[in-house]
Amino acid sequence: MGLPYQGNAGGDMMNCKLLLIIILFLILSMAPGAVTGNEIDLLALPWEEIEAIASGQTVHMYMWGGNNGTNNFIDQWIAPRLKERYHISLERVPVTDIREMIIKILTEKQMGKSTGSADILWINGENFRLAMEKGLLWAPFTFILPNYMRYVDPSADDLNMDFGKATEGYEAPWGKAQFVMICNSEFVPIPPDTMEELAEFIMENPGRFTYPSPPDFTGSCFIRQVILAKTSGPGNHSSKEGSEDAPGRRSEAWNFLNDLKPCLWRQGRTYPETVGILDQLYSNGEVWFTMNYNPLHAFNKISQGSFPESSRTFLFRNGTFSNTHYLTIPFNAKSKAGALVAIDLFLSPEGQFEKLKPHVWGDGIVLDPSRMDPEQRRILEDIGSGPSSLSPEILAMKRIPEFSSQEIESIEKEWLEEVGKK
Amino acid sequence: MGILFFGGIFHGLLQSLGLSPLAGDADLTLENYRILIVSHDFWRSFFLTLRIALISTFLSASLAIFALYSLFLIRIRSNRDKSVYFQRCFQISMLFPYIVAAYMIFLMFVQSGWIARILFNMGFISGMNSFPIITHEPFGWSIILAYVWKTSPFIVLLLYPLILRVEDGWIEAARVLGAGNFPIFREIVFPMMTRPLETASFIVFAYTFGAFEVPFILGVTYPKVLSVYSYQMYSSGDLSGHPMAMAINIMVLFALLIAGAFYSITTGSYFHREDRS
């Protein structure tokens, strides 16, 4: 009795092992790791082969669609060149907030959907942080892009740190924006140089200044400028020292903003909900200042005829916040090779110069001029703008990296409690 | 459609109870609702929303009745076709999306807006600052204005067929008995309208209570109406605000369900009434 039993047991063990192996095999072949494994191989290929794979692919680029200049640049400059040179079709998919797309990809990941709808995402800051934390991005890919390797300074902190979060190559820098102040020189002959001078002017001319209320991005940035002016001297700030602006130290900024209130538009009882409303008040002449995160905003608005010709852009002496925006590839992109080739074109000197032109978009370049040849540098210098704007050199001198996205959020919440509600 | 609609509400309900598929952790909790109910901010938003919705509904219905009376006069004095034509004109504002209506109100009524400039240039006001503050003030007049402008034509549209149902014979009979235009309207037309007017007003109330665009553009920083308050929670940096935003939305829905129940109780059983148009 014992032997057959043992024999059976042996057979069962064998079967069990076989079953286990089969199950393991199934799990391994189903796991996303296996799929990713193949695609990591894509990054091991020489660039020419990636281009060959990309040929004929359709790339879906999901991006905020609120700027005509940006949209036209992609539709009329990038897309035709991708088609002509690499036989890649670029489909621009406009969204009002890329956050929605991040959440969609997150849902796709939870449902185990390995082919998603987006191939390229235009993101930065808290959306990048969220995508990284949830593992929604494909892989570090910047090292394979020829234009990135040739023209981008790999040690530039303003490119490698995205609102305090290291990019680790999961996203490629595409452009730079910088916060600027705009005033109407007809009423403000000498633009204020510091936050104190601005406050003085506001006190002397009540009702002519306001800022958008957070979570409007531009208004939130103005508040950070106040915090910067009140909590640290020039040059003391770095986005990497996350806890530098402990809540206690912000109280001075809140006092400053509360003291200004009686002299703000509507005595500070309310604030414009968006920077668009502030722009409209500025166009109407109801306020004399506006602000923007695009240094060429005033230039563009004057060209459209909605801002007075006397509009001038100015900065604060201790600098203004700047950030970089990026292109990235989701883990479940269908056309990864196509996305890589497209992103490389976005980083090409010609693509970067085109988008820098004020009438195209006016977005700052991410390439390092010292890595360009003299001919390219000459082209770069020729791209100028009108008297309403500041030169790229002046902007570059006054550039400060952004706070971390968690810090920004806590500032926005605190502003509502300490200033907005009072 | 139904699945999407109810699925969305169900998903929102789950999220508001802490069962968020995105956050990863799942603890069934009423904590979000508890925080809301004890929150001063929530109730300020709630009563602001309620006040704006009630005033908008009342003004919109009043204006609609006035318009209907005018259409009725046109109808009995000249002819049917002419009143149909005027009725079409009343509907122009229905062509615009709410967000456009809000922006137009902003452009016209802000202190430096079109109306202030016209008045200034004609010498009626001494400066832009003497134009009254209508947009972005805590009472919400401009929000109410936008809602009344948009929703009163809707009520007219729903009730206008009743005016066409008034037969000439009735009017002649009333005249023989010595009734003027207004008594005819009050005694014959208006009683026919009360039930559909109640329904239309409830639709307007439900819409204005939950709508977003108009108060987003014309409201003040604090307090915000519930929809904008919820949006602000939802769009804050990380995902932690989502359950709270959903809890606010569910509270809005709950308030409307209560209002709906109140409405059907006070107006009696709706479906058995015969005077529906």
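Across the interface of chain B and chain A in this predicted model, two salt bridges turn up. One of them pairs the side chains of B:Lys224 and A:Glu273, with 3.5 Å from N to O. On top of that, ten residue pairs are in polar contact between chain B and chain A. On the chain B side, helix H5 (98-109), H10 and H11 each supply at least two of the residues that touch chain A. H5(B) gives the most to that side, with three residues. Counting contacts of every kind, 29 residues of chain B meet 27 residues of chain A. The area buried between chain B and chain A comes to about 2,500 Å², and carbon and sulfur atoms give 52% of it.

Helix H11 of chain B deserves its own look. This helix covers residues 226-234, and its buried residues are B:Leu226, B:Ser227, B:Val228, B:Tyr229, B:Ser230 and B:Gln232. What do the buried residues of H11(B) pack against? Part of the answer lies in chain A, where helix H18 (405-420) is a partner. The other partners belong to chain B itself: helix H3 (40-77), helix H9 (181-210), helix H10 (213-218) and helix H12 (242-266). The loop between H10 and H11 of chain B holds B:Pro223, and the peptide bond leading to B:Pro223 from B:Tyr222 is cis, with omega near -5°.

Chain A has a cis bond to show as well. This one joins A:Pro214 and A:Pro215, with omega at about 10°. A:Pro215 lies in the loop between helix H9 (195-204) and helix H10 (217-231) of chain A. These bonds are worth pointing out because most peptide bonds are trans, just as most residues other than glycine have a negative phi. The phi habit has its exceptions here too. A:Arg266 is not a glycine, yet its phi is near 55°. The residue sits in the loop between helix H11 (247-260) and helix H12 (275-284) of chain A, and its relative accessible area of 7% makes it buried. Over in chain B, B:His136 also has a positive phi, of about 50°, without being a glycine. B:His136 is in the loop between helix H6 (114-121) and helix H7 (141-165) of chain B. Is B:His136 buried or exposed? With a relative accessible area of 2%, B:His136 is buried.

Next come the aromatic rings. Over all chains, the count is 42 aromatic pairs. One of them is made by B:Trp43 and B:Phe46: the ring centres are 5.3 Å apart and the planes stand at 70°, so the pair is edge-to-face. Both residues belong to helix H3 of chain B, and because they are three residues apart there, about one helical turn separates them. Their surroundings can be read from accessibility: B:Trp43 is partly exposed at 32%, whereas B:Phe46 is buried at 16%. In chain A, ring pairs link a whole cluster, whose members include A:Phe187, A:Phe201, A:Tyr211, A:Trp288 and A:Trp415.

Rings also turn up beneath charges. In chain A, the charged end of A:Lys109 sits over the ring of A:Phe331, 4.8 Å from the ring centre. In chain B, the ring of B:Tyr98 has the charged end of B:Lys150 over it, at 4.9 Å from the centre.

Back in chain A, A:Asp363 is found in the loop between helix H15 (349-356) and helix H16 (374-382). Its relative accessibility is 5%, so A:Asp363 counts as buried. Which side chains make polar contacts with the side chain of A:Asp363? One is that of A:His325, at 2.9 Å, and another is that of A:Lys355, at 2.7 Å. Setting aside neighbours within four places in sequence, the residues in contact with A:Asp363 are A:Trp174, A:Gly175, A:Lys176, A:His325, A:Lys355 and A:Leu356.

Finally, there is A:Pro401, which has its place in strand E11 (residues 399-401) of chain A. A:Pro401 is partly exposed, with a relative accessible area of 34%. Between A:Pro401 and A:Leu159 there are 9.6 Å in space, C-alpha to C-alpha, although the two are 242 residues apart in sequence.

Terms used. Residues numbered from 1 in each chain as written. Chains lettered and ligands numbered in written order. Predicted model: local features only at pLDDT ≥ 70, side-chain atom pairs only at ≥ 80, totals over all residues. Heavy atoms only, no water. Buried < 20%, exposed > 50% of the residue type's maximum accessible area, 1.4 Å probe, protein only. Helix = DSSP H or I, 4+ residues; strand = E, 2+ residues; numbered from the N terminus. Contact = heavy atoms within 4.5 Å. Phe/Tyr/Trp six-rings, centres within 6.5 Å; stacked < 30°, edge-to-face > 60°. Lys NZ or Arg CZ within 6 Å of the ring centre and 35° of its normal. Polar contact = N/O pair within 3.5 Å; in protein donor to acceptor, adjacent residues only side chain to side chain. Buried area = accessible area lost by both parts, 1.4 Å probe. Salt bridge = Lys/Arg side-chain N within 4 Å of Asp/Glu carboxyl O.
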